[in-house]
Amino acid sequence: MSAPHPRDVIVVPDAATLAEATAQRLVDRIAQGGVRPAICLTGGSTPKRLYELLATPFWRERIPWLQVHWFIGDDRFVPPDDPLNNMGMARRAFLDVCAPAGNIHAIPTAATPNAAALLYESELRDFHTTHRAGQPLFDLVLLGVGPDGHTASLFPNDPAVTEQSHWVVGVANANVAPFVPRVSLTLPCLAQTREMLFLAAGRDKQAILRRVFAGEDLPAGHARADGGDTRWMLDRAAAPSAPT
Ligand code: 6PG
């Protein structure tokens with residue numbers, strides 16, 4: 001696995017600029033996305049600032065909300081209104097105020113993680129067949145990186161990382177907090193995008209980014225857009241070359 005090329009790594013001054021720059025890339029990708037743009041959001045805490053920004057008038061008026069469909073790359077297997085739920089965070093931050101309910105595609109959290117995975121995979125495949133035939137499933141996939149090098153809910157040494165046929169899988173054991181079961185898109189599913197954009201901010205990301213960029217065998221290092229752009233956008237504090 002080759003390390004990201006320096007041109008694929010964008011360093012911005014701070015977390016506020018990271019949110020602004022990502023909002024612009026999202027608006028640009030939506031503009032290129034045809035009649036049914038599709039965005040795959042990430043969970044975690046890093047994107048919260050971006051999501052809140054999208055609800056502000058300047059950015060809200062730049063997004064064709066009736067056309068865009070919103071998905072999530074992974075979720076914790078907890079009720080939608082649980083503070084740990086990733087799509088719930090995105091809904092509270094901007095989706096519930098800005099997007100039609102029918103355009104918000106949350107991972108179901110009924111039954112079991114494996115049953116939820118089958119349901120979400122079916123929803124993704126139907127969406128692709130109906131609205132994205134001949135195009136990648138997504139226009140933009142946002143991802144984060146955890147302290148162990150996971151991305152979405154694909155944790156090191158978990159069989160989910162090497163899943164090649166399913167688009168969505170249940171993940172029984174989370175390697176890091178919150179230690180709840182997960183449902184995650186797989187690498188082959190996340191790869192179906194025009195752009196894959198990793199977001200990382202803060203000094204505590206330096207160590208794991210140094211390992212990923214050095215080519216260590218970690219899930220975040222294996223994620224790639226298939227035929228699209230794979231980029232990392234970091235604030236200066238997270239950049240591995242930053243003074244420790
Ligand atoms: C999750 C996320 C996960 C996240 C990373 C980074 O469900 O937790 O999808 O992959 O992106 O753990 O999280 P932070 O942004 O909180 O550092």
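Mentor: A polar contact is a pair of N or O atoms within 3.5 Å. Keep that in mind here, and remember that this is a predicted model.

Trainee: Okay, so which atom of Asn-86 lies 2.9 Å from an oxygen atom of the ligand?

Mentor: A polar one in the Asn-86 side chain. Asp-74 also uses its side chain, with an N or O atom 2.5 Å from a ligand oxygen. For Gly-43, look at the backbone instead: a polar atom there is 3.5 Å from an oxygen of the ligand.

Trainee: How much of the ligand's accessible area does the protein cover?

Mentor: On its own the ligand has 420 Å², and the protein covers 88% of that. The ligand takes up the space of the largest pocket.

Trainee: What classes of residue make up the shell around the ligand?

Mentor: You'll find 10 polar, 4 charged and 2 nonpolar residues. Of these 16, the nearest are Ser-45, Thr-46, Asp-74, Ala-152 and Lys-205.

Trainee: Ala-152 has a positive phi. Is Ala-152 buried or exposed?

Mentor: Buried means under 20% relative accessible area. Ala-152 is at 9%, so it counts as buried. Its phi is about 50°, though it isn't a glycine, and it sits in the loop between β5 (138-143) and β6.

Trainee: And where is Ala-111?

Mentor: In the loop between α4 (86-98) and α5 (113-131). Ala-111 has a positive phi too, near 60°. The cut-off for exposed is over 50%, so Ala-111, at 67% relative accessibility, counts as exposed.

Trainee: Which residues does the cis peptide bond join?

Mentor: Ala-177 and Pro-178, with omega about -5°. Pro-178 is in the loop between β6 (168-171) and β7 (182-185).

Notes. Residues are numbered from 1 along each chain as its sequence is written. This is a predicted model: local features need pLDDT of at least 70, side-chain atom pairs count only at pLDDT 80 or more; totals for chains, interfaces and linings use all residues. Side-chain values use heavy atoms; hydrogens and water are left out. A residue is near a molecule or strand if one of its heavy atoms lies within 4 Å of it. A polar contact is a pair of N or O atoms within 3.5 Å; within protein, one must be able to donate a hydrogen and the other to accept it, and residues adjacent in sequence count only if both atoms are side-chain atoms. Accessible areas come from the Shrake-Rupley method with a 1.4 Å probe; for residues, only the protein chains shown count as cover. On a 1 Å grid over the protein atoms alone, a cavity is a set of points where a 1.4 Å probe fits but cannot get out, and a pocket is an open set with protein on both sides within 12 Å along at least five of seven lines; lining residues have an atom within 4 Å of a point. A molecule sits in a cavity or pocket if more than half of its atoms lie within 2 Å of its grid points. Ala, Val, Leu, Ile, Met, Phe, Trp, Tyr, Cys and Pro count as nonpolar, Asp, Glu, Lys and Arg as charged, and the others, Gly among them, as polar. Helices (H or I, at least four residues) and strands (E, at least two) are DSSP runs, numbered from the N terminus. Buried means under 20% relative accessible area, exposed over 50%, partly exposed in between (1.4 Å probe, protein chains only).
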